Amino acid sequence: MAQFSPAKSTVSAQNLMEFMDKPIHTLTMKDIPGIGPATVEKLNSDGIKSVQQLIAKFLMFCTTESDTNSVCQCFFNWLNSVSPGGHVHTVTFSIANIVDNYGIYKYESVSYTHLTLPTKA
């Protein structure tokens, strides 16, 4: 079984920051780095029709005992089953970062060494 690796995410630091700076209620599924029309269609077929529902799916893997790696791996496995061959590393990384950005879940213990995040002005 494939393992989630943030280093395999193809999102640029700039695109990740732009994604995280947008209010969640304004986002569409295609705004999520790594999601294109084919993945939107597959997610819709699985009952996920909004960014909020996708975030809720991520949060369903969170428990009081779960750590970042296990939550990301569970979400990654689910997403890979729904959209095999999609940009599952990028989507998982992006969703984990946005829930951390909004203080919903702490995304930690995973290296960001593959990104140089721009500083906010």
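**View 1. Surroundings of Lys57 in the predicted model.** In this predicted model, Lys57 touches Ile48, Phe75 and Trp78, leaving aside residues up to four places away in sequence. Lys57 belongs to helix H3. The residue is buried, yet Lys57 has no salt bridge. The nearest side chain of opposite charge is that of Asp46, at 5.4 Å. Since a salt bridge is counted only when the nitrogen lies within 4 Å of a carboxyl oxygen, the 5.4 Å to Asp46 does not qualify.

**View 2. Packing of helix H3 against helix H4.** Helix H3 spans residues 51-59 and helix H4 spans residues 68-82. Their axes come within 9 Å and cross at roughly 125°. This angle makes H3 oblique to H4. On the H3 side the contact is formed by Leu54, Lys57 and Phe58. On the H4 side the partners are Val71, Cys72, Phe75 and Trp78. By residue type, the contact of H3 with H4 holds 6 nonpolar, no polar and 1 charged. Lys57, listed among the H3 residues of this contact, is the buried lysine without a salt bridge shown in View 1.

**View 3. Surroundings of Phe75 in helix H4.** Phe75 sits in helix H4. With a relative accessible area of 0%, Phe75 is buried, because buried means under 20%. Not counting residues up to four places away in sequence, Phe75 touches Leu54, Lys57, Phe58, Phe61, Val91, Thr92 and Ile95. Leu54, Lys57 and Phe58 from this list also appear in the contact of H3 with H4. One of the other neighbours, Val91, is 16 residues from Phe75 in sequence, with a C-alpha to C-alpha separation of 9.6 Å.

**View 4. Packing of helix H3 against helix H5.** Helices H3 and H5 pack at an angle of about 90°, and their axes are 10 Å apart. H3 is therefore roughly perpendicular to H5. Leu54, Ile55 and Phe58 of H3 meet Val91, Ile95, Ala96, Ile98 and Val99 of H5. The residues of this contact divide into 8 nonpolar, no polar and no charged. Leu54 and Phe58 of H3, and Val91 and Ile95 of H5, take part here; these four residues are also among the neighbours of Phe75.

**View 5. The salt bridge between Lys106 and Asp100.** The structure holds 1 salt bridge. The side chains of Lys106 and Asp100 form a salt bridge, with 3.7 Å from N to O. Lys106 counts as exposed, at 51% relative accessibility. Asp100 is partly exposed, with a relative accessible area of 22%.

**View 6. Glu108 in the segment after helix H5.** Glu108 lies in the segment that follows helix H5 (88-101). The residue is partly exposed, with a relative accessible area of 42%. Glu108 and Ala96 are 12 residues apart in sequence, and their C-alpha atoms are 9.5 Å apart in space. Ala96 is also one of the H5 residues in the contact with H3.

**View 7. The whole chain, for orientation.** The protein chain has 5 helices and 0 strands, and its pattern along the sequence is α-α-α-α-α. Of the 121 residues in the protein chain, 42% are buried. Among contacts with a separation of 6 or more, 66% join residues 24 or more positions apart.

Conventions: Residues numbered from 1 in each chain as written. Predicted model: local features only at pLDDT ≥ 70, side-chain atom pairs only at ≥ 80, totals over all residues. Heavy atoms only, no water. Axes fitted to C-alpha atoms, helices over the stretch in contact; angles between N-to-C directions. Helix = DSSP H or I, 4+ residues; strand = E, 2+ residues; numbered from the N terminus. Parallel < 35°, antiparallel > 145°, perpendicular 65-115°, else oblique. Contact = heavy atoms within 4.5 Å. Nonpolar A, V, L, I, M, F, W, Y, C, P; charged D, E, K, R; others polar. Buried < 20%, exposed > 50% of the residue type's maximum accessible area, 1.4 Å probe, protein only. Lys, Arg positive; Asp, Glu negative; His and termini not counted.
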